[in-house]
Amino acid sequence: MADGGDWRPPRPCEAYRAEWELCRSAGHFLHHYYVHGERPACEQWRRDLASCRAWEERRSAGAQRSLCESERARVEAARKHALVWAPRQSPPADWQLPLPQEEKDQ
Amino acid sequence: MAGARGERGPGPAAGEPQPQPQQPDACRVFPERPAQGKPPQGGLLSRFFPSDQKCQLMLLKTLETNPYVKLLLDAMEHSGCAVNRERHFSCEDCSGNVSGGFDASTSQIVLCQNNIRNQAHMSRVVTHELIHAFDHCRAHVDWFTNVRHLACSEVRAANLSGDCSLVNEIFRLHFGLKQHHQTCVRDRAILSILAVRNISKEVARKAVDEVFESCFNDHEPFGRIPHNKTYARYAHRDFQNRDRYYSNI
């Protein structure tokens, strides 16, 4: 987390509001139930929106900590599953090579 | 060709689940595709009067307007695999009911113009195949000899492309609500594997079961399951914001 005067919320406050609104929508309830078989949990988006606004209004250190913790938890949750394959360090060498017909034409 | 239904070459990934045998039958599914290593054929007339004009027009619209595809294209460019429409897409006539496929041996996505019904279908097929291409770009995916790798990419493609949306399942007369999405993803991944691998359904199912927990929860590059274009737009917004995001957590 960047410290000092350079820090700002990881997302614009408008993004937190949009995510909270989407999470609370009837459509999202249906999608979430269809995928996970349970109702969605939207409270964390509301807390993050409040933290974002608190930081914007009065540069609250507590709000900054809360936001960072929340987003780190999201990142950890997304990464907790072991990968099936090894990540590449560079893209496939042949991705941009001409097709065989193009080589023949050249 | 690796990926969802629509296979060509030694191990395509298929776009639409449809059982296919290995290479010799894959060649029958994609009769316009040359055998591996041989250049594609095409007469002089086809250069001036392309029979794939409708396919190309739908593809162009998808590439320019669909939020799922635009995010995938940005993510691939970020990973070093910039996509060129003329190089990386091919509209062809295919046998059977295949909609498309990804050919890892030539880094090309095949679109079965005789089986893609409308613009929405084109967008979904392109999304599906680009997910395979994205996996090929970012990871060492052994399309041809590791069925678990193939299973993982098929799970991801079925999960993230909209293949298993509630509406699409209803159109297939598959009625289910609570967690039905996961059932659909498993089933379609198995069908896609069987389309390109000469293995038993049990072996395919076992591979899907082994990788499902990990691959179903791998939402890259979307960061979430994009249930519709709104989710895809939010995901694209987050992708474009990633520098700010990771530097402030």
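## Where chain A meets chain B

In strand S6 of chain B, B:His140 is the bridge partner of A:Ala86. That pairing belongs to a small piece of sheet shared between the chains: S1(A) and S6(B), the latter covering residues 139–140, are joined by two bridges and run antiparallel. Keep in mind that this is a predicted model.

Now for the interface as a whole. On the chain A side, 48 residues are in contact with chain B, and they touch 62 residues there. The size of an interface is often given as the accessible area lost when the parts come together. Here the two chains bury about 4,700 Å² between them, with 58% of it on carbon and sulfur atoms. Which three residues supply more of the area that chain A buries against chain B than any other three? They are A:Tyr34, A:Trp85 and A:Trp95, and together they account for 22% of that area.

There is a polar side to the story too. Between chain A and chain B the count is three salt bridges. One to look up in the viewer is A:Arg11 with B:Asp238, whose side chains meet at 3.4 Å, N to O. Across the interface, 26 residue pairs are in polar contact, both residues being at pLDDT 80 or more. On chain A, the elements giving two or more residues to the side that touches chain B are helices H1 (13–24), H2 (26–36), H4 (61–79) and H5 (100–105), along with strand S1 (86–87). Sorted by type, the residues on that side come out as 29 nonpolar, seven polar and twelve charged.

Over in chain B, strand S5 (residues 108–112) is worth a look. Is this strand enclosed or open? Five of its five residues are buried, so S5(B) is largely enclosed by the rest of the structure. B:Gln108, B:Val110 and B:Cys112 point one way, B:Ile109 and B:Leu111 point the other way, and all are buried.

S5(B) pairs with two strands of chain B, set out here:

| Partner of S5(B) | Bridges | Sense | Residues standing opposite |
|---|---|---|---|
| S3(B), residues 89–92 | four bridges | parallel | B:Phe89 and B:Ile109 |
| S4(B), residues 100–103 | four bridges | antiparallel | B:Gly100 and B:Leu111 |

S4(B) and S5(B) also form a hairpin, with four residues between them. In that turn, B:Ser107 has a positive phi of about 55°.

How values were computed: Residues are numbered from 1 along each chain as its sequence is written. Chains are lettered from A and ligands numbered from 1 in the order in which they are written. This is a predicted model: local features need pLDDT of at least 70, side-chain atom pairs count only at pLDDT 80 or more; totals for chains, interfaces and linings use all residues. Side-chain values use heavy atoms; hydrogens and water are left out. Contact means heavy atoms within 4.5 Å. Buried area is the accessible area (1.4 Å probe) that two parts lose on being put together, summed over both. A salt bridge is a side-chain nitrogen of Lys or Arg within 4 Å of a carboxyl oxygen of Asp or Glu. A polar contact is a pair of N or O atoms within 3.5 Å; within protein, one must be able to donate a hydrogen and the other to accept it, and residues adjacent in sequence count only if both atoms are side-chain atoms. Ala, Val, Leu, Ile, Met, Phe, Trp, Tyr, Cys and Pro count as nonpolar, Asp, Glu, Lys and Arg as charged, and the others, Gly among them, as polar. Two strands pair if DSSP finds at least two bridges between them. Buried means under 20% relative accessible area, exposed over 50%, partly exposed in between (1.4 Å probe, protein chains only).
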